[in-house]
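Work through these exercises with the structure open beside you. Try each task before reading its solution.

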Amino acid sequence: MFIQKKNVTDDQIDKILTTRTLKGTIRKKEIYYDDTIYDEANPIDPDVQRVADEAFLHYLAVKEHPLGSCHDPTPELHHIPPEGNKLFFPEYTILHVCRNVSGCCWNPSQECGEKDIEIITKPFIVAEIQHSQRGDEVNIPDSNKVEVKFFKNVTRCGCKDLTPLPKCDKHCPFPFIKTRPGLECVCDCNDDTLQCLKIKFGIDPLNGEDFDCVKSGRCMKPLCDSGSFDMRKGYCEGTPNARLHEQETTSKLKEQDTTSKLKEQDTTSKLKEQDTTSKLKEQDTSKLKEQDTSKLKEQDTTKTQQVNLRNKTQQVNLRNKTQQVNLRNKTQQVNLRNKTQQVNVRNKTQQVN
């Protein structure tokens, strides 16, 4: 959401904010100023919408904060100064006050101030300063000497109307800006505005439209460096060695521009160095990851080889055991045959006999 008008009233702000709510509670309404038409083909940038939402939440945070309203006074430390030879302890006490920073009034014509007050008492221990040739000494009596003091303490704050300061209802001719160094407003230059400084020093005139604004009374006279503004010629009365002022101003602006460029170059160089360092770190990290991956692969390969070797060893051992069993079986069969043959021979011999 864009607000193109710079001078928006408080009522308009309230209308804007009452139409914007947290997501999911009330349907948002679209508000546009200066007769702008919402184009569905060109929706608002999501980043812009996000910042607008954050700004609204920021407004709510300030509005709902204790300092968002002018009601509660704020505590402040109040110093208790010495009185003659008497010192008071503690040297500070806490009182509640209402100032223009104690809360928000949300009205440019009002500020936060005192509404309800009370008179309170605070007791203090009194010590005496004794002067001697050895120097000043603080003497605290054996029996504590106590003194009671009266203070004004604010119990409630409230918004009060401001008394408007004079001569601030007119505009300033371009390129001057409105400032208030004292009770009255003046049209002065920023230190870095060369066009404005030339007019202020009496080197260049005020241009036609802005000069007409001053002559018609709609704009204030610009502040001149020396003398006053000439309403007939549209010039400041001038400054001795005005060209020297112009040269000095131009030189200062060039120095500022050079310094700004050097800072930008330095910042760019640092960013490049940081980027290079970051890339090197990423490369190192990548190499370390590759090395770790290679090591893991080697370890997996070694483990696989060990497992295969164990399996082969177990197979060989199993074959050897099988061969041994087969050999034993064959030996037993041979022995059994031999015994059978011996028995047969014996039997035959007995038959012969």
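**Exercise 1: Confidence**

The mean pLDDT of this protein, a predicted model, is 78, and 77% of its residues reach 70 or more.

Task: Find where in the protein confidence is lowest and where it is highest.

Solution.
- Start at the low end. Helix H1, residues 10–19, has the lowest confidence, with a mean of 55.
- Now go to the high end. Strand E3 has the highest, at 95.
- Next, check residues 1–6. Their pLDDT is below 50, and beyond near neighbours in sequence the stretch has 14 contacts in the model.
- Then take residues 20–37. Here pLDDT also stays under 50. The model has 31 contacts beyond four places in sequence for this stretch.
- Finish with a reading rule. Where pLDDT is low, the predicted coordinates should not be read in detail.

**Exercise 2: The overall picture**

Task: State how many helices and strands the protein has, and what share of its residues is buried.

Solution.
- Count the elements. There are five helices and ten strands.
- Turn to burial. Of the 353 residues, 20% are buried.
- Look at the contacts with a separation of 6 or more. Residues 24 or more positions apart account for 58% of them.

**Exercise 3: The two sides of helix H2**

Task: Compare the span of H2 with the expected one, then explain how its buried residues are placed around the axis.

Solution.
- Take the length. H2 runs over residues 46–64, which is 19 residues. From first C-alpha to last it reaches 27 Å, close to the 27 Å expected at 1.5 Å a residue.
- List the buried residues. They are Ala52, Asp53, Phe56 and Tyr59.
- Place them around the axis. They cover an arc of only 115°, so they sit on the same side of H2.
- Recall the helix rule. An α-helix has 3.6 residues a turn, so residues three or four places apart point the same way.
- Look at the other side of H2. Pro46 and His58 are exposed there.

**Exercise 4: Tryptophan 106 and its partners**

Task: Locate tryptophan 106, then classify its ring pair with tyrosine 59.

Solution.
- Locate the residue. Tryptophan 106 is in the loop between E3 and strand E4 (110–130).
- Check its backbone. Its phi is positive, about 60°, although it is not a glycine.
- Check its exposure. Tryptophan 106 has 35% relative accessibility, so it counts as partly exposed. Tyrosine 59 has 19%, under the 20% cut-off, so it counts as buried.
- Count the aromatic pairs. There are four.
- Classify this one. The ring centres of tyrosine 59 and tryptophan 106 are 5.5 Å apart and the planes are at 70°, so the pair is edge-to-face.
- See what it links. Tyrosine 59 in helix H2 and tryptophan 106 in the loop are 47 residues apart, so to speak distant parts of the chain.
- Add the charge. Lysine 63 lies over the face of tryptophan 106, at 4.3 Å from the ring centre.

**Exercise 5: Threonine 93 and an aromatic cluster**

Task: Decide whether threonine 93 is buried or exposed, and list its contacts beyond four places in sequence.

Solution.
- Place the residue. Threonine 93 is in strand E3, residues 92–97.
- Apply the accessibility. At 8%, threonine 93 counts as buried.
- List the contacts. They are Glu76, Leu77, His78, Ile80, Lys122, Phe124 and Phe151.
- Follow the aromatic residues. Phe124 and Phe151 form one aromatic cluster with Phe88.
- Look over Phe88. Lysine 149 lies over the face of that ring, at 4.4 Å from its centre.

**Exercise 6: Cis peptide bonds**

Task: Determine which residues the cis bonds before proline 90 and proline 175 join.

Solution.
- Take proline 90, in the loop between strand E2 (86–89) and E3. A cis peptide bond joins phenylalanine 89 to it, with omega about 0°.
- Take proline 175, in the loop between strand E6 (146–161) and strand E7 (177–179). Its cis bond is with phenylalanine 174, with omega about 10°.

Definitions and conventions
Residues are numbered from 1 along each chain as its sequence is written. This is a predicted model: local features need pLDDT of at least 70, side-chain atom pairs count only at pLDDT 80 or more; totals for chains, interfaces and linings use all residues. Side-chain values use heavy atoms; hydrogens and water are left out. Helices (H or I, at least four residues) and strands (E, at least two) are DSSP runs, numbered from the N terminus. The expected span of a helix is 1.5 Å times one less than its number of residues. Buried means under 20% relative accessible area, exposed over 50%, partly exposed in between (1.4 Å probe, protein chains only). The arc is that of the directions from the helix axis to the C-beta atoms. Contact means heavy atoms within 4.5 Å. pLDDT is the predictor's confidence in each residue, from 0 to 100. Rings of Phe, Tyr and Trp (its six-membered ring) pair if their centres lie within 6.5 Å; planes under 30 degrees apart count as stacked, over 60 as edge-to-face and the rest as tilted. A charge sits over a ring if NZ of Lys or CZ of Arg is within 6 Å of the ring centre and within 35 degrees of the ring normal.
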